Amino acid sequence: MIGSKGKKREKNLKSSPVGQGLLTHLNKNGTLRPGDRVGVAVSGGPDSVALLLLLLELREKLGIVLSVVHFNHKLRGKASDADEQFVKKLAAKHGLDFHSAFLYVAKKAKKERANLEDAARRARYHYFRSLVESGACTWVAVAHTADDQAETVLAHLLRGTGNTGLGGIHPVAGPVVRPLLNIRRSKLRTYLRARKQIWREDLSNRDTRRMRARIRKKLLPLLEKQFQPEIIAHLVTLANLAREDEAFWDAMTEERVRALAQKSDGRVQIAVKDLVKPWKEKNPNTENAESLEKTRALSKRMMRRIVKEVKPQAGQLGARHVEAVLELARSGQSGSALSLPGGVKVRRERETLVFCGIAPAEEGERRDAACEYEYKIDPANGTQLARVPELGCAFRFRVIDWPPKRGETNDMGTVLDRHRLRAPLVLRNWRPGDRLRPVGHRNAHKLKRLLNEKHINRWERDGWPVLTSGGVLAWARGFHVAAEFAADERTRSGMVIAEEKL
């Protein structure tokens, strides 16, 4: 409970116009209800300190019970500890319970090879969820402002985003509420100065080596001064509208997935026709650009929703991943498969797409069983076509005379010296540890390194085809043949490898 001085101080806060604006917003939003235990996340910075004072001002009208929450990331040494002590004293000043935890986030991020800011955010929100799960709080309120929202939308735009990213920071996310998203940062500082309330400054927020700081210190002031004084308000409005649209699409997507897809044993399957055309046309023989555009929008969202349901680990789908799956649905062959971020594989089985999660393999390599294959090649056959349904293609192996028919090889593909090849001759997917010394290289290199140098990402390289001769790598798609198997002036018989579509 607060003492008489605290009651007098709280009474003096009740005329605050910022507080009245926040009260109107909270009543309209309807998130906080009488009896809720609200933990206010206070870092010690001006925004979170202002949030605490504003909720103190409004707690009688809202009927809520307040406490203070602080998470120490241990990123700034003594300054981080001083922040914690400042917040602890602030909680005691107002007679509020104080919840705190700490974690050496830099060490954790280094160990996990994670982005420092992302690791800090995940650790902080994990703590917030634990407080709610333990019953200490009903909600945790954090102090993101309209300026934070504008910075987030711009950051997403600069990195490349769709409608979901335009929605920016959500007012409610699980047990976290953000009541200040429509209030400018400058108003909060004015509010604190009027009440002679001090706060702590985090100097790392001014480090313009970070994108968020550059947006805050350079880009937004430039846009406000030279282009649009109301840019912050416009970006906040854009985020609000984008979230409204996404809420509609989410409901539509969930309904269509529930109606058209079947889930069992951790797998989700959907008929190709239902994913490609989730909306039934009145006239099935009519197809125009407008209906195709509507169909693509819903198909993409359905595919993302299905992947989210089955993926066993973190991983972000990009636009090209989505397009690749839709292409598999539109024109892929039965048996063809793709691997997606998050440990997901999607395989076409006749007129159905099957999505399932795969567990991460040992040594950190994500392996997809659908892209593991092995086919024996017999050079004695003269010409052999090896079909690889896992890749949706085939490889033709043809033995030719060399050099008399050398000219025929210009458009035939890769040529190896037939007599240098040793049994067993195997066409298979690449594996960790494979090494290749292409013609022109002095030393053998790990194939993984060569693929990286060609900017072939992990998603594209799943199932990457190679040919081994007596267990030694003789060829890999996209590279010169291994030097020890290359055709030269001494070659009398060559083997041509040509890739074909199924």
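Two strands are paired if DSSP finds at least two bridges between them, where strands (E, at least two residues) and helices (H or I, at least four) are DSSP runs numbered from the N terminus. The model is predicted, so that local features need pLDDT of at least 70 and side-chain atom pairs count only at pLDDT 80 or more, whereas totals for chains, interfaces and linings use all residues. Residues are numbered from 1 along each chain as its sequence is written, and side-chain values use heavy atoms, with hydrogens and water left out.

**Exercise 1. Describe the sheet that contains strand 20, and state which residue stands opposite Trp475.**

Begin with the order of the strands, which is 12-16-19-20 in an open sheet of four with antiparallel pairing. Strand 12 (374–377) and strand 20 (472–476) each have a single partner strand and stand at the edges, so one side of each is left without a neighbour in the sheet. From one strand to the next the twist averages 30°, with axes taken as lines fitted to C-alpha atoms (for helices over the stretch in contact) and angles running from 0 to 180 degrees between N-to-C directions. Next, consider strand 19 (residues 465–469), which pairs with strand 20 in the antiparallel sense over four bridges. Here Leu467 is the residue that stands opposite Trp475 of strand 20.

**Exercise 2. Follow strand 10 (residues 344–349) through its pairings with strand 9 and strand 11.**

On one hand, strand 9 (residues 337–340) is joined to strand 10 by four bridges and runs antiparallel to it; Leu340 has Val344 of strand 10 as its bridge partner. The hairpin of these two strands has three residues between them, and there Gly342 takes a positive phi near 90°. On the other hand, six bridges join strand 10 to strand 11 (residues 352–357), again antiparallel, with Arg348 opposite Leu353 in strand 11. This second hairpin has two residues between its strands, and Arg350 in the turn has a positive phi of about 55°.

**Exercise 3. Work out which strands stand at the edges of the sheet 13-14-21-15.**

This open sheet consists of four strands with antiparallel pairing. Strand 13 (383–388) and strand 15 (414–417) are the edge strands, because each has a single partner strand and one side of each is therefore left without a neighbour in the sheet. Neighbouring strands are turned by 20° against each other on average, direction ignored. Strand 13 is joined by six antiparallel bridges to strand 14 (residues 393–401), in which Phe397 stands opposite Gln384.

**Exercise 4. Compare the expected span of helix 14 with the distance between its end C-alpha atoms.**

The expected span is 1.5 Å times one less than the number of residues. For the 13 residues of helix 14 (residues 319–331) this should give 18 Å, and the end C-alpha atoms are 18 Å apart, which agrees. Among the buried residues (under 20% relative accessible area, 1.4 Å probe, protein chains only; exposed is over 50%, partly exposed in between) of this helix are His321, Val322 and Leu326.

**Exercise 5. Determine how helix 7 and helix 10 are oriented to each other.**

Helix 7 (residues 146–159) and helix 10 (residues 211–226) pack at an angle of about 100°, with their axes 10 Å apart. They are therefore roughly perpendicular, the class that covers 65 to 115 degrees.

Technical notes
Angles under 35 degrees count as roughly parallel, over 145 as roughly antiparallel, 65 to 115 as roughly perpendicular and the rest as oblique.
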